[in-house]
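Student: I am new to this structure and would value a formal, close look at one part of it. Please begin with confidence and then concentrate on how the strands are arranged and what accompanies them.

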Amino acid sequence: DSPLSRDIGRTATALSHSLGKMKILSEALSASSELSETPVQLADLIASVARETESMARERRVNIHVQQIDPDIYLQTDVKRIRYVLISLLVNAIRFTPTDGRVEFKVRTDENGSTVFDITDSGVGIAPSKVSELLNCLDQPCSNIGANPSEGTGFGWPIAMALTRRMGGELDLESRLGMGSRVSVVFPTERRVHTADNGSIMATM
């Protein structure tokens with residue numbers, strides 16, 4: 001193949017990928033898109049997401065620390081969409097963490113009883129103005145979309161935010177240049193469920 005044909009092929013692949021991401025974003029923003037909510041075991045969810053990103057972390061020599069959590073904790077949510085969100089955010093953390101850096105992936109309960117997925121990296125960090133822009137990217141134009149094709153289409157963050165909101169949650173981002181970032185996916189306490197003594201799943205009130 002000639003260099004020109006290879007360039008055309010790469011461009012076509014990138015365009016197809018971008019169009020696919022745009023379709024996912026459009027569906028995530030649509031109020032008519034239906035959720036398929038079930039009680040999702042968080043221990044299984046975390047393990048599944050970590051497995052999906054293992055090879056990328058090995059290739060980039062990034063260390064991932066995954067917290068072990070209580071197997072009796074469940075979240076009422078759409079498993080396909082929450083997996084997409086967490087994998088996308090974890091991939092992003094790995095992508096921007098340097099060789100021999102560290103990414104932590106854990107679940108916690110905050111002071112309000114909300115279930116919080118934290119993804120913390122030791123990467124390059126983000127400027128304060130960019131953090132503000134990302135947190136408001138569904139309400140105003142987000143300049144990073146499509147800005148760096150070599151590192152992805154730039155649709156990952158707005159898709160993750162739109163899907164999280166569609167599931168009743170929120171995304172939060174804390175970052176400092178040169179100090180890494182922490183992304184938090186937060187679900188309110190009424191989404192939390194647990195197993196009763198007889199093995200049935202009970203909602204947390």
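Tutor: In this predicted model, confidence in the protein chain is lowest in helix α1 (residues 3-29), with a mean of 45, and highest in β5, with 95. The score, pLDDT, is the predictor's confidence in each residue, from 0 to 100; helices (H or I, at least four residues) and strands (E, at least two) are DSSP runs numbered from the N terminus. The chain has a mean pLDDT of 77, and 69% of its residues reach 70 or more. Residues 4-26 stay under 50 and have 15 contacts (heavy atoms within 4.5 Å) beyond four places in sequence. Residues 144-153 are also below 50, with 17 contacts beyond near neighbours in sequence. Where pLDDT is low, the predicted coordinates should not be read in detail.

Residues are numbered from 1 along each chain as its sequence is written. Local features need pLDDT of at least 70 and side-chain atom pairs 80 or more, while totals for chains, interfaces and linings use all residues; side-chain values use heavy atoms, without hydrogens and water.

The strands come next. Five of them form an open sheet of mixed pairing, in the order β2-β4-β5-β7-β6; two strands pair if DSSP finds at least two bridges between them. At the edges stand β2 (63-66) and β6 (170-176), each with a single partner strand, so one side of each lacks a neighbour in the sheet. On average, neighbouring strands are turned by 15 degrees against each other, direction ignored; such angles, from 0 to 180 degrees between N-to-C directions, use axes fitted to C-alpha atoms, for helices over the stretch in contact.

Within the sheet, β4 (residues 102-109) and β5 (residues 115-121) run antiparallel and are joined by seven bridges. One bridge pairs E104 with T120 in β5. Before β4, the loop from α3 holds D100, whose phi is near 70 degrees, a positive value in a residue other than glycine. Similarly, R61 has a positive phi of about 55 degrees and lies in the loop between α2 (42-60) and β2.

Aromatic rings of Phe, Tyr and Trp (its six-membered ring) pair if their centres lie within 6.5 Å; planes under 30 degrees apart are stacked, over 60 edge-to-face, the rest tilted. By this rule there is one aromatic pair. F117 and F187 form this edge-to-face pair, 6.3 Å centre to centre with 85 degrees between the planes. F117 in β5 and F187 in β7 (residues 180-187) are 70 residues apart, so far as the chain is counted.
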